Amino acid sequence: MPARSSSRRPFAWAEKTFDENVPPDRRKLAAALQEICRHLTVTAEDGSVLAHPTQAQAAAYLHVSDTTLTRYLQGQRIPPGQTLSLIFDTACRDAGSDQNVGIKWEELRELHARAE
């Protein structure tokens, strides 16, 4: 994953807007995922740590497509439980703990259940 230079501020890609047809519970889950994704760091193939990865780098790191990640962050799709867990666990590991991510697993699971 080559690093790209960008004049955009870090994690601008995680700030998605919601279409008016996205239900409120999906919006809440997507907003939580946007916040969680701001804690991702990616280790590039050359071993360097990217503290501010691009969306494409974050998607590859999470083993989802760039398009799929966008849909999760916009509330267009709800991630399967296993993917939700992967995103949360990865962000917690990268942030040092779940306390640093800003949401507890139980709260995220509840948002997920309501969004479904």
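## Salt bridges and overall build

Let's start at the surface: R93 has a relative accessible area of 55%, which counts as exposed (buried means under 20%, exposed over 50%, and partly exposed in between, with a 1.4 Å probe and protein chains only). The side chain of R93 meets that of D94 in a salt bridge, with 3.8 Å from N to O. The term salt bridge stands here for a side-chain nitrogen of Lys or Arg within 4 Å of a carboxyl oxygen of Asp or Glu.

A word on what you are looking at: this is a predicted model, in which local features need pLDDT of at least 70 and side-chain atom pairs count only at pLDDT 80 or more, while totals for chains, interfaces and linings use all residues. Residues are numbered from 1 along each chain as its sequence is written, and side-chain values use heavy atoms, leaving out hydrogens and water.

The pair R93 and D94 has company, since the structure holds five salt bridges. Another of them joins R38 to E15, whose closest N and O atoms are 3.9 Å apart. R38 sits in the loop between α1 (24-37) and β1 (42-43), and E15 in the segment before α1, so this salt bridge ties together parts that are 23 residues apart in sequence. Both partners are partly exposed: R38 has a relative accessible area of 25%, and E15 one of 39%. E35 joins in as well, as E15, E35 and R38 are linked in a network of salt bridges.

Further along the chain, D98 forms a salt bridge with K104, and their closest N and O atoms lie 3.8 Å apart. Here too the partners are partly exposed, with 29% relative accessible area for D98 and 34% for K104.

Now step back to the whole fold. The protein has five helices and two strands (DSSP runs numbered from the N terminus: helices are H or I with at least four residues, strands are E with at least two). Along the sequence they follow the pattern α-β-β-α-α-α-α. The radius of gyration is 14 Å, close to the 13 Å from the globule rule for 116 residues, so the protein is as compact as a globular protein of that length (the radius is taken over C-alpha atoms, and the rule is 2.2 Å times the number of residues to the power 0.38).

Of the 116 residues, 42% count as buried. The C-alpha atoms fill a box of roughly 40 × 30 × 20 Å along the principal axes.
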